[in-house]
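Here's a walk through a fold, starting at one odd spot in the backbone and working outward. Keep the viewer open and turn things as you read.

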Amino acid sequence: MSKLKIIAEEKATEEVVKSAISAEIKRLEIGLNRTNREIKEFEGKCEVSSEIFLKEFTTEDLKGGDDEYITWVGELKIRDRILDELKKLKYIEYVNS
């Protein structure tokens, strides 16, 4: 858990910072939902989980070839990055000054 200490002359400034972090969490959650839908689409179309896809598939295994492979891998990497950022932001503890 990270601790965040906001030192501001006005209480409103502290609220703006907290609100901005909250808005970023919401934005990331929306992106995560979109990415998860894309991943589920690939899994349904190919009838395989992403874990098996990463371990066993090559571009030749997909009808869409390189483009489809790169897009699926890209969505998985985006999901991992979003989850990492969400974890960091959601576990911020605000400490009093």
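Right after helix 1 comes E47, and its phi is positive, near 55°. That is the case although E47 is not a glycine. The residue sits in the loop that joins helix 1 (11–46) to helix 2 (50–56); helices here are DSSP runs of H or I with at least four residues, strands are runs of E with at least two, and both are numbered from the N terminus. E47 counts as exposed because its relative accessibility is 74% (exposed means over 50% relative accessible area, buried under 20%, and partly exposed in between, with a 1.4 Å probe and protein chains only).

Before going further, a word on what you're looking at. This is a predicted model, in which local features need pLDDT of at least 70 and side-chain atom pairs count only at pLDDT 80 or more, while totals for chains, interfaces and linings use all residues. Residues are numbered from 1 along each chain as its sequence is written, and side-chain values use heavy atoms, with hydrogens and water left out. The average pLDDT of the chain is 90, and 94% of the residues score at least 70 (pLDDT is the predictor's confidence in each residue, from 0 to 100). Of the chain's elements, helix 1 has the highest mean pLDDT, 95, and strand 1 (residues 2–5) the lowest, 85. Where pLDDT is low, the predicted coordinates should not be read in detail.

Now zoom out. The chain holds three helices and two strands, and following the sequence you meet them in the order β-α-α-α-β. What box do the C-alpha atoms fill? Taken along the principal axes, the box is roughly 60 × 20 × 20 Å. The radius of gyration fits that picture: the chain has 19 Å, but a compact globule of 97 residues would have one near 13 Å. (That radius is taken over C-alpha atoms, and the globule rule is 2.2 Å times the number of residues to the power 0.38.) Buried residues make up 26% of the 97.

Helix 1 is worth tracing end to end. Its 36 residues reach 53 Å from first C-alpha to last, close to the 52 Å expected at 1.5 Å a residue; the expected span is 1.5 Å times one less than the number of residues. Which of its residues are buried? The list is E14, I21, I25, L28, G31, L32, T35, I39, F42 and E43.

One of those, I39, leads you across to helix 3 (residues 65–90), where you'll find L76. L76 counts as buried because its relative accessibility is 5%. Setting aside neighbours within four places in sequence, L76 is in contact with I39, S50, F53 and L54 (contact means heavy atoms within 4.5 Å). L76 and N36 are 40 residues apart along the chain, yet their C-alpha atoms are separated by 8.6 Å. For the chain in general, residues 24 or more positions apart account for 66% of the contacts with a separation of 6 or more.

Next, the charged side chains. How many salt bridges does a search of the whole structure find? There are 10, a salt bridge being a side-chain nitrogen of Lys or Arg within 4 Å of a carboxyl oxygen of Asp or Glu. In helix 1, E14 pairs with K11, with the closest N and O atoms 3.5 Å apart. These two are separated by about one helical turn because they are three residues apart in helix 1. An α-helix has 3.6 residues a turn, so residues three or four places apart point the same way. E14 counts as buried because its relative accessibility is 18%, whereas K11, at 55%, counts as exposed. K11 and E14 also belong to a network of salt bridges that links them with E15 and K18.

Helix 3 has pairs of its own. E85 meets R81 at 2.9 Å, N to O, and the two lie four residues apart, about one turn of the helix. Both count as partly exposed, E85 at 25% relative accessibility and R81 at 44%. K88 forms a salt bridge with D84, the closest N and O atoms being 3.2 Å apart, again at a spacing of four residues. Here K88 counts as exposed at 53%, while D84, at 37%, is partly exposed.
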